[in-house]
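These are my notebook entries on one protein structure. I set down what I looked up, topic by topic.

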Amino acid sequence: MKMSTLITPELQRAHGAKGRVLALAGAAVFALSAYLPWAYGSDALDNMTYLFGPSTLQFLGLGLGVMTVLALAGGIVAARTPRASGRPRVIHRVGWNRAARAGSWGQLGYIGIVIVAVALELGGLVNVEWGAWIALAAAIAAAAGTRLLNPGRAPSLDRAASRPWIEILAIAALLAIGLFSAAFALDQDDGGVFVVLLVLLAAVVAIILTAGVGAWLSAIGRRHRSVLVFSAFLVAFLFPFTQNGSDANMSIATQVLVFAATAIGLNIVVGLAGLLDLGYIAFLGAGAFTAATLSESVFATIDWKPPFIVVMLIAGLVSASFGLLIGSPTLRVGGDYLAIVTLAFGEIFRITMNNLDGSDGPDLVHGSSGIPAIPDLNLFGFDFGAVHTVLGIPLGRFSNYFFLMLLLMAFVVLVFTRLNTSRIGRGWVAIREDEKAAEAMGVNVFGLKLLAFAGGAFLAGLAGAVKAHVDVSVTPEQYIFLESAFLLAAVVLGGMGTVLGVLIGATLLKLLPEKLRFLSEYRMLIFGLLMVLMMRFRPEGMVPNSRRQLEFHADDEDLVDEIGDDLPYEFAEERR
């Protein structure tokens with residue numbers, strides 16, 4: 001039986017006041033329980049053994065409880081504030097009850113994960129102290145109380161008028177909080193602490209989205225797009241300065257940028273043109289092997305050593321040539337057949353690289369041994385392998401490559417966004433939606449498909465050229481089908497056709513395996529569960545564009561009203 005059949009609107013109207021009192025009491029007790037001991041031993045998480053001495057995680061849990069209390073109190077104030085005759089007041093535009101419900105369930109998930117982590121790290125539930133059980137009971141009470149609250153109207157905070165300086169300040173504050181949160185999370189070596197932080201982050205994001213603040217932030221981001229883009233790259237530029245010379249976290253961050261740049265290239269093929277490519281990792285490998293053979297390594301097989309800028313262009317062109325080579329004979333097929341062909345191409349590339357060992361073929365990449373000892377770059381006198389001190393902060397090897405990848409990422413994002421809004425991008429979308437109709441309207445279907453394959457492969461080749469120097473060596477086994485699957489998953493999970501969604505998806509899929517090594521045996525199981533849950537509850541991705549969102553929720557009137565003027569033509573016609 002569904003929860004919606006148990007908690008009816010009549011029950012909510014009759015017991016809403018009691019539910020609010022129960023939820024307030026539960027959230028308040030949950031917040032105060034941070035001052036109680038939660039674990040018997042100090043080895044669990046970040047030492048939750050003290051009475052009246054909360055650890056960092058407990059203090060963050062207290063903040064989650066306070067946010068839930070504020071949401072519940074805001075609902076009371078909003079109910080007692082008279083509505084204006086014209087435009088609604090700001091307090092009436094916030095989804096207070098929805099945010100309180102999200103916060104209460106976030107509390108429950110947070111304390112549940114904490115109890116499980118303490119039990120696993122200390123050897124049983126007997127090591128969970130009484131304070132944690134009080135927090136669990138309080139979270140259950142808050143969740144039960146918020147279920148009795150009527151969620152009310154959908155929030156409309158994004159339609160509220162606000163001053164431009166407030167909007168710009170909100171963008172700056174959001175990105176600054178994101179910077180310090182990322183730096184703090186990456187500094188955690190304990191996998192349990194990292195998981196708890198992820199749950200806390202998910203709870204806070206849920207509160208922000210359900211309250212309507214997320215829609216408001218999205219609206220002001222569209223109004224101040226240039227400020228948002230500049231601030232985002234500024235925050236990313238400042239990230240290495242928060243690591244105090246740590247190469248461990250900067251290595252992960254650099255690999256995330258390489259993965260994200262490659263995923264955005266795949267987003268052209270899959271997200272815009274709608275072509276399922278299961279062998280895309282071969283284009284990244286082609287760029288990496290090209291850069292390796294032209295590098296200063298003693299194992300490089302080509303004597304010509306051009307400047308790295310030229311090497312990047314050659315690597316991109318080689319990858320684009322592979323895109324044209326695979327695209328020309330196969331793009332007249334589609335759907336499952338195209339997926340099978342691209343999958344075969346990815347495997348052919350890997351096997352071919354293995355055979356270029358001087359025995360089964362020319363000794364170009366030394367077969368399965370690959371090309372090792374690739375030296376660090378030296379561009380215009382700047383040694384990427386040396387430690388450079390800026391403002392008293394040491395910036396190591398991976399920080400240098402992080403800055404280089406940040407420049408490349410700016411170029412990749414610029415190319416993607418310009419193509420997306422151009423006539424070519426509209427042609428790709430038309431092909432994705434209905435290839436026959438697009439061809440009937442005069443769209444050069446075959447030419448645009450080839451351009452999508454070549455353009456996406458070119459961007460992957462650029463990323464591969466940098467990756468060769470970051471990894472020091474290049475081998476065929478680095479470019480297996482599983483990597484193509486993860487690239488495709490980053491596009492699908494994040495949101496096809498968007499930049500921010502793919503960046504988030506790539507970051508999660510590259511970062512989580514690095515920080516959750518204690519779950520390495522269950523990596524594929526977790527990955528599969530994540531895909532199933534996303535396809536069930538949010539098939540359009542975490543950050544979808546309006547068209548994709550309406551394809552999956554065309555009957556959602558609230559969503560149609562929310563998108564408003566941005567409604568795609570076919571949906572607007574259907575609505576009329």
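**Entry 1: Salt bridges**

I began with R350, which counts as buried because its relative accessibility is 17%, below the 20% limit for that class. I recorded at the outset that the model is a predicted one. I then looked up the partner of R350 and found a salt bridge with E477, with the closest N and O atoms 3.6 Å apart. R350 belongs to helix α14 (residues 336-355), whereas E477 sits in the loop between α18 (445-471) and α19 (481-494), so the pair ties together parts that are 127 residues apart in sequence. Unlike the buried R350, E477 is partly exposed, at 44% relative accessibility.

I asked myself how many salt bridges the structure holds. The count is six. I noted the general principle as well: side chains of opposite charge can pair when their charged atoms come close.

My next pair was E167 and R223, whose closest N and O atoms are 2.7 Å apart in a salt bridge. E167 is part of helix α7 (residues 164-186) and R223 is part of helix α9 (residues 213-223); the two residues are 56 apart, and the pair links distant parts of the chain. Is E167 buried or exposed? I found E167 to be buried, with a relative accessible area of 3%. R223, in contrast, is partly exposed at 44%.

I also looked up R397 and D376, whose side chains meet in a salt bridge at 2.6 Å, N to O. R397 is in helix α15 (residues 397-420), while D376 is in the loop between α14 and β1 (378-379); this pair, 21 residues apart, again links distant parts of the chain. I listed R397 as buried, with a relative accessible area of 14%, and D376 as partly exposed, at 29% relative accessibility. I then asked which residues are joined by salt bridges that share partners. E347, R350 and E477 form one such network.

**Entry 2: A buried threonine**

I turned to T68, which lies in helix α3 (residues 56-80). Its relative accessibility is 1%, so I counted T68 as buried. Which residues does T68 touch, leaving aside those up to four places away in sequence? I listed A27, A100, G103, S104 and Q107.

**Entry 3: A nonpolar patch**

On the surface I looked up a nonpolar patch of about 710 Å². The residues that make this patch are V29, Y35, L51, F52, F59, W130 and I134. I took V29 as my example and found it in helix α2 (residues 9-32). V29 is partly exposed, because its relative accessible area is 37%, which lies between the limits of 20% and 50%.

**Entry 4: The whole chain**

Finally, I looked up values for the entire protein chain. Its secondary structure comes to 24 helices and four strands. The radius of gyration is 26 Å, close to the 25 Å that the globule rule gives for 576 residues, so I described the chain as being as compact as a globular protein of that length. The C-alpha trace spans about 80 × 65 × 50 Å along its principal axes.

I noted that buried residues make up 47% of the 576 residues. The accessible surface comes to about 27,500 Å², and 66% of this area belongs to carbon and sulfur atoms. Of the contacts between residues at least 6 apart in sequence, 75% join residues at least 24 apart.

Definitions and conventions. Residues numbered from 1 in each chain as written. Predicted model: local features only at pLDDT ≥ 70, side-chain atom pairs only at ≥ 80, totals over all residues. Heavy atoms only, no water. Patch = residues over 30% accessible without salt bridge, like charges linked within 9 Å, V, L, I, M, F, W, Y side chains within 5 Å. Areas by Shrake-Rupley, 256 points an atom, 1.4 Å probe, with all protein chains shown as cover. Salt bridge = Lys/Arg side-chain N within 4 Å of Asp/Glu carboxyl O. Buried < 20%, exposed > 50% of the residue type's maximum accessible area, 1.4 Å probe, protein only. Contact = heavy atoms within 4.5 Å. Rg over C-alpha atoms; globule rule 2.2 N^0.38 Å.
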